[in-house]
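Subject: Structure handover

Hello,

Here is the structure we talked about. Please have it open while you read the notes below.

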Amino acid sequence: MKPYIASMGIYVMKAEALKDLLMTRLPDANDFGNEVIPGAREAGMKVQTFAFQGYWEDIGTIESFYNSNLALCDPKTAQFSFYDKKAPIYTMSRFLPPSKVLDASVSNSIIGDGCVIKSGSKVSGSVIGIRSLIGHDCKIEKALIMGSDYYETVEECEFVPGCLPMGVGDNSIVRGAIIDKNARIGENCQIINKDGVKEANHEEAGYVIKDGIIVIIKDAVIPSGTII
């Protein structure tokens, strides 16, 4: 197989050199790869590349974003590890409580901080983001659930029709889908792409389908009993 070289879009440069390029030499430039970097080379600046040999994925499509996240769940096939002491991952401290798994089953999954997974639910091959709430007797399979930006009070929930909380309601099934932040999925829902649709745009109903993957959009409200 012929190897191909792609830009990772990561640039390191001196501030003065960048200022000179953007303010003086190339004031009309809009693109680093096509204009600024070639312009710096033509101006005689020292321009070098670094051939990165580690793990990197292009997540420019819904399918690649979904696959690259779920690939982290299976230790047998994962090409990247969060637990490599030679390459620590630094992130913002959120000071959230530990997640609670209440008589539920979790396998080959990653669970973020501050989550609650209630009794009878089964989570497999999925990424569960921070502050996620998964109700009783749910089935979450090969899903990327982004979680929530904040915890919701009862008073705040009352502003939502039916006081539907953020998260996945009781007895719901989520399979092969991405659930964006702060989404509200009611009880007895099936987010499974039952018709095998490849592309669809139903933003007014709170979801789109890209590459056969259902994406519940941010802040969407999916009423109880919905089947997608």
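Of the contacts in the protein chain with a separation of 6 or more, 39% are between residues 24 or more positions apart. Please bear in mind that this is a predicted model.

Overall make-up

The protein chain contains four helices and 18 strands. Its radius of gyration is 22 Å, well over the 17 Å that the globule rule gives for 228 residues, so the chain is more spread out than a compact globule. Along the principal axes, the C-alpha atoms fill a box of roughly 65 × 40 × 40 Å. Buried residues account for 31% of the 228 residues. The exposed area of the protein chain is about 15000 Å², and 54% of that area comes from carbon and sulfur atoms. As for charge, there are 23 positive and 29 negative side chains, and the centres of these two sets are 8 Å apart.

The seven-strand sheet

One open sheet has seven strands in the order E3-E6-E9-E12-E17-E16-E15, and its pairing is mixed. Its edge strands are E3 (110-111) and E15 (200-202), each of which pairs on one side only.

Strand E17 (residues 213-216) is the part I looked at most. How do its side chains point? Ile 213 and Val 215 point one way from E17, Ile 214 and Ile 216 point the other way, and all of them are buried.

E17 has a partner on each side in the strand order, E12 and E16. With strand E12 (residues 177-179), E17 pairs in the parallel sense over three bridges; here Ala 177 has Ile 214 as its bridge partner in E17. With strand E16 (residues 207-210), E17 runs antiparallel, and four bridges join the two. Within that pairing, Tyr 207 has Ile 216 as its bridge partner in E17.

E16 and E17 also form a hairpin, with two residues between the strands. Asp 211 sits in the turn and has a positive phi of about 55 degrees.

On the other side of E16 comes E15, the edge strand. E15 and E16 run antiparallel and are joined by three bridges. The bridge partner of His 202 in E16 is Tyr 207, the residue that also has Ile 216 as a bridge partner in E17.

The five-strand sheet

A second open sheet has five strands in the order E2-E5-E8-E11-E14, with parallel pairing. The edge strands, each pairing on one side only, are E2 (105-107) and E14 (190-191). Inside this order, strand E5 (residues 122-124) and strand E8 (residues 139-141) run parallel and are joined by three bridges. Val 123 is opposite Ile 140 of E8.

A loop serine

Ser 132 belongs to the loop between strand E6 (127-128) and strand E7 (133-134). Is Ser 132 buried or exposed? Its relative accessible area is 5%, and the cut-off for buried is under 20%, so Ser 132 counts as buried. Leaving aside residues up to four places away in sequence, Ser 132 touches Gly 114, Cys 115, Val 116, Ile 145 and Gly 147.

If you want a place to begin, go to the hairpin of E16 and E17, then follow the strand order of the seven-strand sheet outwards to its edge strands, E3 and E15.

Regards

Definitions and conventions:
Residues numbered from 1 in each chain as written. Predicted model: local features only at pLDDT ≥ 70, side-chain atom pairs only at ≥ 80, totals over all residues. Heavy atoms only, no water. Buried < 20%, exposed > 50% of the residue type's maximum accessible area, 1.4 Å probe, protein only. Pairing = 2+ DSSP bridges. Rg over C-alpha atoms; globule rule 2.2 N^0.38 Å. Contact = heavy atoms within 4.5 Å. Areas by Shrake-Rupley, 256 points an atom, 1.4 Å probe, with all protein chains shown as cover. Lys, Arg positive; Asp, Glu negative; His and termini not counted. Charge placed at Lys NZ, Arg CZ, Asp CG, Glu CD.
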